[in-house]
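Visitor: Could you pick one small part of this model and take me through it closely? After that, I'd like to work outward from there to the rest.

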Amino acid sequence: MGPLAVNEFISENTNLFLAFIIGIGFGWVLESSGFSSSRKLAGVFYGYDTVVLKVFFTAAITAMLGLLFMSLFGWIDLNWVYVNPTFLTSAIVGGVVMGAGFILGGFCPGTSFCAASIGKIDGMVFIIGLFIGVFLFGIGYDIWDELYMAKYLGEPKVSEALGMRDGVFGLLLILAAVGMFFVAEWAEKKFPREEY
Amino acid sequence: MNTTATVERGRRYLNPYLGGVLLGLVLIAANFVAGRGLGASGAIKSVIVTGMEAIAPDASAGSGFVQEFRDSHEGSPMKTWLVFQMLGVIVGGFLSGTMAGRLKLKVEHNPKITSKRRLIFALAGGILFGFGSQLGRGCTSGAALSGMAVLSLGGFITMMAIFGTAFALAYFVRRNWI
Amino acid sequence: MNPRVILAAAIIPLGLIIAAVPQNTTKPYKLTAGQLLEEVNSRTQFLAPELIADMLVSKDPSIRLIDVRPQDEFEKFSLPGAVNIPFSDILSDEWTDILHQDIKMNVFYSNGSVTANEAWMITRQLGYENNYVLEGGLNYWFDNILNPQAPTSTSPSEEFARYDFRKSASMALGGGGVVPADGSSAPAPALPAIIPRVAKKKVAGGC
């Protein structure tokens, strides 16, 4: 019964080793899907390349369905799986700042490492920027730690917040994602595409 | 400058839906093995904390940032799940790039702008993203993707804020991309 | 065919299934039926009433009595320091911290020992440690600890030792008026060791 590390089927060090292996899988899939290219990543915001939307939402609904089915079969105990906490203010403000960073830099941390690993200098520079940004946050922590800790709502799930079961919300998310895929394909036909 | 190589979709890159399914499987594996999803910005935080403690141990002991990290981690800040995962990401990306012949040292940018401009914006974007990822307690991998997979409300909110803001600002920096 | 359509065709039915099926809320069982049978037969979960009485008299803090009878019976009479967890409520979340821990020895008791033993079986199946059953329950407790029968003159000497112990315990625990003999020459049975519980660490994730 998963999660393996929590139920002590594997040791801490095995867990770290598997983290490395999982990371290899992660990096491989990201790069193979084209996420090592900042132009492809930014494309979703202009309509010419919606790979981000397709990969992202397909991955989210696949993983979500997979975990729900595994829980149904008793293969994993979802009570022990980490659910990101909700700190309302900093979630929004952080997201806005990240959105700005995304459209300016054309990367997010995971993809920038992929890009850097195949030699993209803009990826490497982005990573340098990441370090600077985290460092700035760290040294000025006392200035914004109130904002950082504001409005802690616990670790609610969206399904709980909306008052529906996990599976029902999952279905809604799937339908929304599929709808978005159709919109994405339409956008790619409509907006010009250059070869890069 | 370097020529823009034609990349035929479907041949050089994976079909995005297939890529998405594979990524979803990786995410399931992470949750099954370790009880947590994927991430990226946390590894950066580990490195910064290690650096801070190495360079200025006394100031670090008093820093709220380091304290908050230490509250949930014992031992070396580099011996975390995310650091090992990110090392794997570098290897995985490299392997994939090698297999597809995409290894090339270059600055990728819209031909209508200069490399220098691209790099300045990359740096600025990185700084903003680094800062924002700490506030948002995650980046697109950790908060948005992994958060959505476990239906976390915070993850959803952060994801919508990221994409919403990027869409809103896209018009103003369109010169960089199209 | 269009990959988008294939994906949609595969994933929407799965979504419908997951939306329709009720959520799996079973708590994972840590012992198999075979393991539980072995433990039930070994009877090691039973603790002698003398032992419990001894601990109560000396006010040993490592023991916690749990009354698994309904609340009205608990209010009419209960053992000193007992917590009331009615058997029907035993799986409720509010008692998990008391039942699933490694600091004290929990001793279930009921009027006989059937309900207490059932409570023990349920919690043992969940993998909880450090729970025990008061042998004989309250019925035995009343008859033998609180109002011990004096042994006849032909009984073996252990009987007398036990009787002396029970008399003094009964005085300390508010039993029927019996004149205590010479302090407690009680047989001191060995206490079971507290089994530390390996806490499951909740993982830190995100970033």
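Guide: Two strands count as paired if DSSP finds at least two bridges between them, and strands themselves are DSSP runs of E with at least two residues, while helices are H or I runs of at least four, all numbered from the N terminus. Before we dig in: this is a predicted model, in which local features need pLDDT of at least 70 and side-chain atom pairs count only at pLDDT 80 or more, whereas totals for chains, interfaces and linings use all residues. Residues are numbered from 1 along each chain as its sequence is written, with chains lettered from A and ligands numbered from 1 in the order in which they are written.

Let's zoom in on strand β5 of chain C, residues 131-134. On one flank, β1(C), residues 46-47, pairs with β5(C) in the parallel sense over 2 bridges; there, L47(C) has L134(C) as its bridge partner. β4(C), residues 105-109, also runs parallel to β5(C), this time over 3 bridges, and V107(C) sits opposite Y132(C). The route from β4(C) to β5(C) takes in helix α6(C), residues 114-125, and the three make a right-handed β-α-β unit (right-handed: with the strands pointing away from you, the path from the first strand over the helix to the second runs clockwise).

Now look at the side chains. In a regular strand they alternate between the two faces of the sheet. In β5(C), N131(C) and V133(C) are on one side, with Y132(C) and L134(C) on the other, and all four are buried, so both faces are covered (buried means 20 or more other C-beta atoms within 10 Å of the residue's own, exposed 12 or fewer, partly exposed in between, with C-beta atoms placed from the backbone).

Stepping out from the strand, chain C touches chain B through 8 residues of its own and 18 of chain B, where contact means C-beta atoms, placed from the backbone, within 7 Å. Chain C's side of that has 5 nonpolar, 2 polar and 1 charged residues (Asp, Glu, Lys and Arg are charged; Ala, Val, Leu, Ile, Met, Phe, Trp, Tyr, Cys and Pro nonpolar; the others, including Gly, polar).

Chain B itself has 9 helices and 0 strands. Its C-alpha trace spans about 50 × 40 × 35 Å along the principal axes, and 59% of its 178 residues are buried. Of its contacts with a separation of 6 or more, 53% join residues 24 or more positions apart.

Chain B also meets chain A, with 110 residues on each side in contact. α1(B) gives the largest share of chain B's side, 18 residues. By class, that side has 65 nonpolar, 36 polar and 9 charged residues.

Over in chain A there are two domains, with bounds from an automatic or database assignment: domain 1 (23-82 + 165-196) and domain 2 (84-156). Their C-alpha centres are 20 Å apart, and the contact between them takes 9 residues from domain 1 and 11 from domain 2. On the domain 1 side, α1(A) (12-32) and α2(A) (38-42) are the elements giving two or more residues.

One last stop in chain A: F73(A), in the loop between α3(A) (51-72) and α4(A) (88-105). F73(A) counts as exposed because just 8 C-beta neighbours lie inside 10 Å. Its C-alpha is 9.8 Å from that of M1(A), though the two are 72 residues apart in sequence.

Note on methods: Two residues are in contact if their C-beta atoms, placed from the backbone, lie within 7 Å.
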